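Colleague: I have not worked with this structure before. Could you take me through it?

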Amino acid sequence: MRTGTHAVSISLSTTDIRCADCPIRHRAVCSNCTDDELQQLDQIKYYRTYAPGQTIAWGGDELGFVGSVVRGVASLSQTMEDGRTQMVGLLLPSDFVGRPGRASLPYDVTAVSEITLCCFRRKPFEKQLAMTPHIAERLLEMTLDDLDAAREWMLILGRKTAREKIASLLTIIARREKSMEFAAQGDAVVIDLPLTREAMADYLGLTLETVSRQISALKREGIIALDGKRRILVPDMPALMEETGDEQVPGADVLGGPDDLQSSATVEALSLDSDQGAGQNVFSPAVTWVEAGATVTWEIASGSHSATSYHPDT
């Protein structure tokens, strides 16, 4: 049985965000569109903003729109017949909400933080989808990325330790929200958690006590620092990524460090078949620490790339 009010109050954004200035322009379903195609989408788009805790869509009910998350975070959850609820996913900026060709969703969608959606009425969007291959291609790419993410999450839940689960979640949120262009506070990466510790425990299949204990351990070891209840500072992002138990993601890997300067290095330019978290056109390693006079060799391993080197004195 559903609790709460189905007819939630929705604030329509009065800010008309130009597509060219949209913060998710190059990651959303419209990222491959030409200027003319963007103008056509602009005719059928509108914005909705939901407060934390508001229901965006009930599983099984008709959803009259589809859209992209512009700002904020939403959760996907499913309720069992006996009333138990399980969070099964998160929607982060640039993620797509809704299913063209289907009138409903299988999951409840709830705003975790204040969230703004760029919405399209479902029927007009379906017509636009049929006429615009760029949208269809990008939607397929995003669907395949979601499938990869679901498989990654199966590994996290099924095989990783509690510590690795916490580190993986922090890394996923950071790289998705900023596309690996992390916000910085001094020399630290800043992660604004969209979830409470209770929600993290539910999402990761852990107890609240275990989540708190593992966060405290990461803090004690200097891998993270806490700035309030939801803000986490990461002084060394590669160190946190090492705690995930994963191999470093191409385009987010680091060679050397301030105390491990390299006398020479080779950087590969890669065009990946899919986005593994840092984009499809990447350099690996993404960051290389070298000593003065070192030689860095750039190799184009796949695709076509250009690079510019800057000296601090120029």
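Modeller: We can go through its cores, one residue of a helix, and a sheet; please note that this is a predicted model.

Colleague: Which residues have the most contacts inside the largest nonpolar core?

Modeller: They are Ile166, Ile191 and Ile224, in a core of 34 residues. Elements that each supply at least two residues of this core include α3 (133-159), α4 (162-178), β11 (188-192) and α6 (208-220).

Colleague: Which element gives the most to this core?

Modeller: That is α4, with eight residues.

Colleague: And what does Ile224 touch, leaving out residues up to four places away in sequence?

Modeller: Its contacts include Leu170, Ile215, Leu218, Ile232 and Leu240. There is also a second, separate core, which has 21 residues, among them Cys22, Val29, Val66 and Met142.

Colleague: Changing topic, where is Glu137 found?

Modeller: Glu137 lies in helix α3. Its C-alpha atom is 8.4 Å from that of Asn32, although the two residues are 105 apart along the chain.

Colleague: Why is Glu137 classed as partly exposed?

Modeller: Because its relative accessible area is 45%, and the partly exposed class falls between 20% and 50%.

Colleague: Now the sheet of three strands: what is the order?

Modeller: The order is β16-β15-β18, in an open sheet with mixed pairing. At the edges are β16 (281-284) and β18 (290-300), each pairing on one side only. On average, neighbouring strands are turned by 20 degrees against each other, direction ignored.

Colleague: How many bridges join β15 to β16?

Modeller: Four, and these two strands run antiparallel. As for Leu270, its bridge partner in β16 is Val282.

Methods: Residues numbered from 1 in each chain as written. Predicted model: local features only at pLDDT ≥ 70, side-chain atom pairs only at ≥ 80, totals over all residues. Heavy atoms only, no water. Core = buried A, V, L, I, M, F, W, Y, C linked by side-chain atoms within 4.5 Å. Buried < 20%, exposed > 50% of the residue type's maximum accessible area, 1.4 Å probe, protein only. Contact = heavy atoms within 4.5 Å. Pairing = 2+ DSSP bridges. Axes fitted to C-alpha atoms, helices over the stretch in contact; angles between N-to-C directions.
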